[in-house]
Amino acid sequence: MAYDLRAVIADGELLRGGVGELPAARLASIGQGLSLMPVTDELFDSVADGGGAGTLGLWGLPGGFEKTLAAWSAGGLVAYVEAKYFGGEDEFAAVGLDKHRHSEAWIA
C-alpha cells in the first residue's frame with residue numbers, strides 16, 4: 001500500500017481564514033477541531049513563487065509558501081506535513097490521517 005501526503009494541518013478556523021486568498025485550496029475536517037489542506041498539484045502551482053520545491057528540506061513544500069505559513073502561524077499552530085512510503089502500518093491514525101492515502105483524496 002502506498003501512502004502519499006503533502007498537507008497543512010491547523011485549527012479549522014485558522015485555515016478557513018487563510019484559504020480565502022487561495023482559490024485552489026480545499027479543506028477537510030480531520031477531527032479534534034483540526035482541518036487539513038492538501039497540497040494538491042493545482043495548489044502547489046498556484047502558490048509556488050518559482051523558487052522550486054524542496055524549501056527547508058521538504059520535498060513537497062512549494063517555494064515561497066513557507067512565508068504564507070509563517071504569517072498564518074501568527075494566529076495559531078500550523079504544521080506542514082509530508083509523508084511518502086510504501087507498505088507497513090500507519091501511525092497517523094490517531095488524528096485520522098489514515099482515512100485517505102493520497103493528498104487529492106481528501107477533497108474528492
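Ser 35 is buried in this predicted model, and its relative accessible area is 4%. Because the limit for a buried residue is under 20%, Ser 35 with its 4% falls into that class. The residue sits in strand β3, which covers residues 34-38.

What is Ser 35 in contact with, leaving aside its neighbours within four places in sequence? The list includes Val 8, Ile 9, Ala 10, Asp 11 and Gly 12. Leu 15 and Arg 16 also touch Ser 35, as do Ala 28, Ser 29 and Ile 30.

Now to the aromatic rings. The chain's count comes to 1 aromatic pair. Phe 65 and Trp 72 form this pair, with an edge-to-face arrangement. Their centres are 6.2 Å apart, and the planes make an angle of 85°. Since edge-to-face calls for planes over 60 degrees apart, the 85° of Phe 65 and Trp 72 fits that label. Both partners, Phe 65 and Trp 72, are buried.

Stepping back to the whole chain, you will find 3 helices and 4 strands. Followed along the sequence, they are arranged as β-α-β-β-α-α-β. Here are some chain-wide values to keep at hand:

| Property of the chain | Value |
|---|---|
| Buried share of the 108 residues | 38% |
| Share of contacts with a separation of 6 or more that join residues 24 or more positions apart | 57% |
| Share of the exposed area supplied by carbon and sulfur atoms | 55% |

The exposed area behind that last share is about 5,900 Å² for the chain.

How values were computed:
Residues numbered from 1 in each chain as written. Predicted model: local features only at pLDDT ≥ 70, side-chain atom pairs only at ≥ 80, totals over all residues. Heavy atoms only, no water. Helix = DSSP H or I, 4+ residues; strand = E, 2+ residues; numbered from the N terminus. Buried < 20%, exposed > 50% of the residue type's maximum accessible area, 1.4 Å probe, protein only. Contact = heavy atoms within 4.5 Å. Phe/Tyr/Trp six-rings, centres within 6.5 Å; stacked < 30°, edge-to-face > 60°. Areas by Shrake-Rupley, 256 points an atom, 1.4 Å probe, with all protein chains shown as cover.
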